[in-house]
Amino acid sequence: MQDQRQNLKSEAEIACMRQAGLLTWQAHQVAESMIHPGITTAEINAAMEAFMDEHDADPLFKGVPDNTGNAPFPAVACISVNEQVVHGLPGPRRLQEGDIVSIDTGVRYQGWCGDAAVTHAVGKIDAATQRLLDVTEGTLRLAIELIPQRQWWSEVARELEAYVKQAGFAVVEGLVGHSIGREMWESPQVPNYFTLQYQALGDFVLQPGVVIAVEPMVAMTSRHVQTLADHWTIVAQDGLPAAHFEHTLAITATGVQILTSGPDGQAWALPEK
C-alpha cells in the first residue's frame, strides 16, 4: 500500500469546517421541507440558493466547469431524479408520487467547505426502491462505524462494496468521494469500492486530522453509468433508480465527527429522521 500525502486538519480547522457543515445541513433542511409531488427541481434549488445568500455562504457547485470547460454548473445543488445518479440539473421537471430525488449540495463558509447528499422519497415509493435507499444510507452508516476500526481506507471500501453486493445491489464505479477542506476536491480520492490499483497507488491511512466526503452511490443492477448530453447528468446504465448519500467526516482523536450533521452532531443521515 502507498499512503497518499494527507492535508491533515487541526482541531481548530475542523471546528471551522463544522460551521460550513452545519450550514450545509441547514440548506438540506430547506430542500427537505419542500419535497412533495408537483414541486419543480428549480424551485428547490432557488430556495437553497436564497438560504445560502442569506447566511453569507458561498455555494460550492455553482460555476464549476464541466470536463470541456464550456458548461459551468448552473445551480447550487445537484438534483437527480430516479435513474439519475448524480449531477442532475435543476429545472422545470416536477416531482411525482413514487419518485426518488437525490439532493447534493455544499457551501464554503469563511474559507472552509462542507458537502453532503441525501436521497428522498417523494410520497410513497415501492418496496424495492425503499430498500435501495435503506442500503445506500446503511453503506454510509457502515463507513462511519468502520473508520475507527480500520487502518487504511481500502479496507473500509472493500467492506462497503461487499455490504452492497450482499444486499443484491451494485456499487456505482467511476464516481468516488474525496478529501475536503479549503477546497471541495482535495487529494486523495475516497472510492466506495475496492481495486488493487487503488490499494497500491491511492490508499491512505485513517488518522486524526483526515477530513473526507464519503458518498456511496448505489444502483439496482449495474455498476455502469453514462453522462447525458447536458454535460452533467450522470444516469444509471440500467435505467433503474439509483441512490446517493454523503457526509463530510472528520477523524479525530476520539472518533469520527460528522461535520454535516444537525446541531446535535449525531445525525446519521440528512435530514434527521
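Pro92 lies in the loop that runs between β3 and β4 of this predicted model. Is Pro92 buried or exposed? The residue has a relative accessible area of 76%, and because exposure is assigned over 50%, Pro92 counts as exposed. In sequence, 52 residues separate Pro92 from Thr40, yet their C-alpha atoms are 5.5 Å apart in space.

The confidence of the prediction should be considered before the helices and sheets. The protein chain has a mean pLDDT of 94, with 95% of its residues at 70 or more. Residues 268-273 have a pLDDT below 50; this stretch nevertheless makes 26 contacts in the model beyond near neighbours in sequence.

Helix α1 comprises residues 11-34. At 1.5 Å a residue, its 24 residues should span 34 Å, and the C-alpha atoms at its ends are 35 Å apart, so the two values agree. Many positions along this helix deserve attention for their burial: the buried residues of α1 are Ile14, Met17, Arg18, Ala20, Gly21, Leu23, Thr24, Trp25, Ala27, His28, Ala31 and Met34. Which elements do the buried residues of α1 pack against? They pack against helix α2 (41-54) and against the strands β4 (100-109), β5 (112-121), β9 (211-214), β14 (247-252) and β15 (255-258).

Helix α2 can be examined in the same manner. Its 14 residues should span 20 Å at 1.5 Å a residue, and its end C-alpha atoms are 20 Å apart, which agrees. The buried residues of α2 are Thr41, Ile44, Asn45, Met48, Phe51 and Met52. These residues cover an arc of only 120 degrees around the axis, and therefore they lie on the same side of α2. A general property of helices is relevant to this pattern: an α-helix has 3.6 residues a turn, so residues three or four places apart point the same way. On the other side of α2, Asp53 and Glu54 are exposed. The cover over the buried residues of α2 includes α1, β1 (58-59), β2 (77-81) and β4. After α2 comes Asp56, with a positive phi near 55 degrees.

Attention now turns to strand β9, one of the elements against which the buried residues of α1 pack. In a regular strand the side chains alternate between the two faces of the sheet. In β9, Val211 and Ala213 point one way, while Ile212 and Val214 point the other way, and all are buried. Strand β9 runs antiparallel to β7, to which it is joined by 2 bridges, and within this pairing Ile212 of β9 stands opposite Ser179. With β14, strand β9 forms an antiparallel pair over 4 bridges; here Val214 has His247 of β14 as its bridge partner.

Strand β7 (residues 177-179) also pairs with strand β8 (residues 186-190), again running antiparallel, through 3 bridges. Which residue of β8 stands opposite Ser179? The residue is Glu186. A hairpin of 6 residues connects β7 to β8.

Elsewhere, an open sheet of 3 strands is arranged in the order β3-β12-β11, with antiparallel pairing. Strands β3 (84-86) and β11 (225-227) stand at its edges; each has a single partner strand, so one side of each is left without a neighbour in the sheet. From one strand to the next, the twist averages 40 degrees. Within this sheet, β11 and β12 (residues 234-236) form an antiparallel pair over 3 bridges, and Val225 stands opposite Ala236 in β12.

Another open sheet is formed by 3 strands in the order β6-β10-β13, and its pairing is antiparallel. Its edge strands, β6 (170-171) and β13 (242-244), each pair on one side only. Strand β10 (residues 217-219) pairs with β13 in the antiparallel sense over 3 bridges, and the bridge partner of Val218 in β13 is Ala243. Helix α3 (residues 127-146) lies across β10 and β13, and runs at about 30 degrees to β13.

Notes: Residues numbered from 1 in each chain as written. Predicted model: local features only at pLDDT ≥ 70, side-chain atom pairs only at ≥ 80, totals over all residues. Heavy atoms only, no water. Pairing = 2+ DSSP bridges. Expected span 1.5 Å × (residues − 1). Buried < 20%, exposed > 50% of the residue type's maximum accessible area, 1.4 Å probe, protein only. Contact = heavy atoms within 4.5 Å. Axes fitted to C-alpha atoms, helices over the stretch in contact; angles between N-to-C directions. pLDDT = per-residue confidence, 0-100. Arc of directions from axis to C-beta.
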